Amino acid sequence: MTLGIIGGTKLSVTLGNKFISRGLKVVFGVREEFEAKQIEWKILKMQKDKVFGYCEAMDKADVIMVCCENEFLPLVCKCLSRYDAKDKLVLDCTNGKYHPNFGCNTRYIQEKSDYKRVLKGFNNLGLDYPKSDPLELVKETYFCGDNDFDKYRVKKLIELIGFKAIDAGGLDNAPLLEAFYHLRRQITHFKKENVDYHFKLMSV
């Protein structure tokens, strides 16, 4: 299986390197004008079989993880629209912009690409991860989707790199996962401290 991670973000390179360290084949998709400024990206770009354009990386992948900034989602959707629903499993790891009636990126991807085999996961980490968790104390991430087999594959991917995979139900709950992310960001903002806040799930 080949994992394609789309987006030139900190989350992309961090998750990608974790999967590579577990023996998974990973390719990265970045936009044409992407500049490798971080040392991690410079190392990856030195390897001829790791970094490609959005569409080329998707072509090579069996599972696609979308980890790009929101402004580049239309380009991602354009590439994704070329596939039939059975071709690729897509995992949306992004969050829509926060406002009282914010839309959900997962639904946006489905509607703009006309590609329905999309699940949600890893979005609680944020695109700047692990900057938001420098000690990597966050060990939980949430996922949701409508296909049980695809959800099982996502669960195994999450667990492969050491996270606890928490099933949040069907894809209708994707907006709740994004709201969960925005709530912790708002708490962090209003605390006005040089730290990030995260939630931990517990059973009682």
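How many bridges join strand E1 (residues 2-6) to strand E4 (residues 63-66)? In this predicted model, local features require pLDDT of at least 70 and side-chain atom pairs count only at pLDDT 80 or more, whereas totals for chains, interfaces and linings use all residues. Residues are numbered from 1 along each chain as its sequence is written, and side-chain values use heavy atoms, with hydrogens and water left out.

Strands E1 and E4 are joined by 4 bridges and run parallel. One of the residues concerned is leucine 3, whose bridge partner in E4 is valine 63. Strands (E, at least two residues) and helices (H or I, at least four) are DSSP runs numbered from the N terminus, and two strands pair if DSSP finds at least two bridges between them. An open sheet of 8 strands results, with mixed pairing and the order E3-E2-E1-E4-E5-E6-E7-E8. Strand E3 (51-53) and strand E8 (164-167) are its edges, each pairing on one side only. On average, neighbouring strands of this sheet are turned by 30 degrees against each other, direction ignored; the axes are lines fitted to C-alpha atoms, and angles between N-to-C directions run from 0 to 180 degrees.

The structure holds 6 aromatic pairs. Rings of Phe, Tyr and Trp (its six-membered ring) pair if their centres lie within 6.5 Å, and planes under 30 degrees apart count as stacked, over 60 as edge-to-face and the rest as tilted. Phenylalanine 34 and tryptophan 41 form an edge-to-face pair, at 5.1 Å centre to centre and 70 degrees between the planes. Ring pairs link both residues with Phe28 into a cluster. Buried means under 20% relative accessible area, exposed over 50% and partly exposed in between (1.4 Å probe, protein chains only). Phenylalanine 34 counts as buried at 10%, as does tryptophan 41 at 1%.

Helix H7 (residues 174-191) has 18 residues and an expected span of 26 Å at 1.5 Å a residue, which agrees with the 26 Å between its end C-alpha atoms; the expected span is 1.5 Å times one less than the number of residues. Its buried residues are Ala174, Leu177, Glu178, Tyr181, His182, Arg184 and Thr188. Seen down the axis of H7, these fall within an arc of 155 degrees, so they line one face of the helix; the arc is that of the directions from the helix axis to the C-beta atoms. Leu176 and Phe190 are exposed on the other side of H7.
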